[in-house]
Amino acid sequence: MENLQIEALFDLSHTIAASLFSGCRYPWEVLPQIHDYILALGKTLPPEKFDSPAEHVWIAKSASVAPSASITGPCIIDENAEVRHCAFIRGSAIVGKNAVVGNSTELKNAVLFDCVQVPHYNYVGDSVLGYRAHMGAGSITSNVKSDKTPVEIGNFGSRIVTGMKKIGAMLGDGAEIGCSSVLNPGTVIGRHSTVYPTSCVRGVVEENCIYKGANAIIPKTDRK
């Protein structure tokens, strides 16, 4: 299960929330902690760099936030991030440096590392998106199973029972998700892997792979 561990997926030097992951083995273990972590971290942010326009909301002075965006705390928007027209941040969200939260994109209980892009009609819930991860237009993280049972992480014949009813997706650094794709609850995409547009993904996609379909996942080195 080493491929699912935090250090296999993320470079923690590219997030303001690095200490959130301390003491955890797998990234989904941080999800119940995001709310309280933001409340604690927000109080330590320097007022010369961050404004607090609403209760439990901290926005870097260098960030760009559209007037039509809806932001509910707790939330931290880091330096030079861009929150565009009609973005909907529902709370317990960390938006990294130079990240983009786009038109009609919804965030809830999520950590976006630096330079993440979710720029067009995305839903990101109960998820962690690594450095420079990108979700194409209309791609979403599904975070609750249809039968409402706890999410299990499937990993090549083995399963991790999480005991958690809400887990979206864990996207490793540099992961690329094609337009209109659905990442089912508990999906893990390894570093620098690519998911084809309109895919329905569940389970684990190893790093440096191309996901064309459930039975067509190939290493990038084998690409013709």
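The protein exposes about 9800 Å² of surface, and carbon and sulfur atoms supply 50% of that area. These values come from a predicted model, which is a good thing to keep in mind while looking at the structure above. Of the 224 residues in the protein, 52% are buried.

The fold is built from two helices and 25 strands. The radius of gyration is 16 Å, close to the 17 Å that the globule rule gives for 224 residues, so the protein is as compact as a globular protein of that length. Along its principal axes, the C-alpha trace spans about 50 × 35 × 35 Å. A look at the contacts adds to this picture: among those with a separation of 6 or more, 31% are made by residues 24 or more positions apart.

A few places in the backbone deserve a closer look. Gly73 and Pro74 are joined by a cis peptide bond, with omega at about 0 degrees. Pro74 sits in the loop between strand E4 (70–71) and strand E5 (75–77). Two further residues have a positive phi without being glycine. One of them is Ser104, with a phi of about 65 degrees, found in the loop between strand E9 (100–103) and strand E10 (106–112). Ser104 is partly exposed, its relative accessible area being 36%. The other is Arg132, which also has a phi of about 65 degrees; its place is in the loop that runs between strand E12 (123–129) and strand E13 (134–135).

Next come the charges. The protein carries 20 positive and 21 negative side chains, and the centres of these two sets lie 6 Å apart. Seven salt bridges are counted in the model, and three of them can be followed here one by one.

In one salt bridge, the side chains of Arg90 and Glu106 meet at 2.8 Å, N to O. Arg90 lies in the loop between strand E7 (88–89) and strand E8 (93–95), while Glu106 belongs to strand E10, so the pair ties together parts that are 16 residues apart in sequence. Both partners can be placed on the scale of accessibility: Arg90 is partly exposed, with a relative accessible area of 37%, and Glu106 is partly exposed too, with 21%. The value for Glu106 can be read against the cut-off, because buried means under 20% relative accessible area.

Strand E10 also contributes to another salt bridge, as Lys108 lies in this strand. Lys108 pairs with Asp126, and their closest N and O atoms are 2.6 Å apart. Asp126 is part of strand E12, so this pair ties together parts that are 18 residues apart in sequence. Is this pair buried or exposed? Lys108 is buried, and Asp126 is buried as well.

A further salt bridge joins Arg191 and Asp173, with the closest N and O atoms 3.7 Å apart. This pair links distant parts of the chain, 18 residues apart. Arg191 is found in the loop between strand E20 (187–189) and strand E21 (194–195), whereas Asp173 is found in the loop between strand E17 (169–171) and strand E18 (176–177). How accessible is each partner, and which of them is buried? Arg191 counts as partly exposed at 23% relative accessibility, whereas Asp173 is buried, with a relative accessible area of 5%.

Conventions:
Residues are numbered from 1 along each chain as its sequence is written. This is a predicted model: local features need pLDDT of at least 70, side-chain atom pairs count only at pLDDT 80 or more; totals for chains, interfaces and linings use all residues. Side-chain values use heavy atoms; hydrogens and water are left out. Helices (H or I, at least four residues) and strands (E, at least two) are DSSP runs, numbered from the N terminus. The radius of gyration is taken over C-alpha atoms; the globule rule is 2.2 Å times the number of residues to the power 0.38. Buried means under 20% relative accessible area, exposed over 50%, partly exposed in between (1.4 Å probe, protein chains only). Contact means heavy atoms within 4.5 Å. Accessible areas come from the Shrake-Rupley method with a 1.4 Å probe; for residues, only the protein chains shown count as cover. Lys and Arg count as positive and Asp and Glu as negative; His and the chain ends are not counted. The place of a charge is taken as NZ of Lys, CZ of Arg, CG of Asp or CD of Glu. A salt bridge is a side-chain nitrogen of Lys or Arg within 4 Å of a carboxyl oxygen of Asp or Glu.
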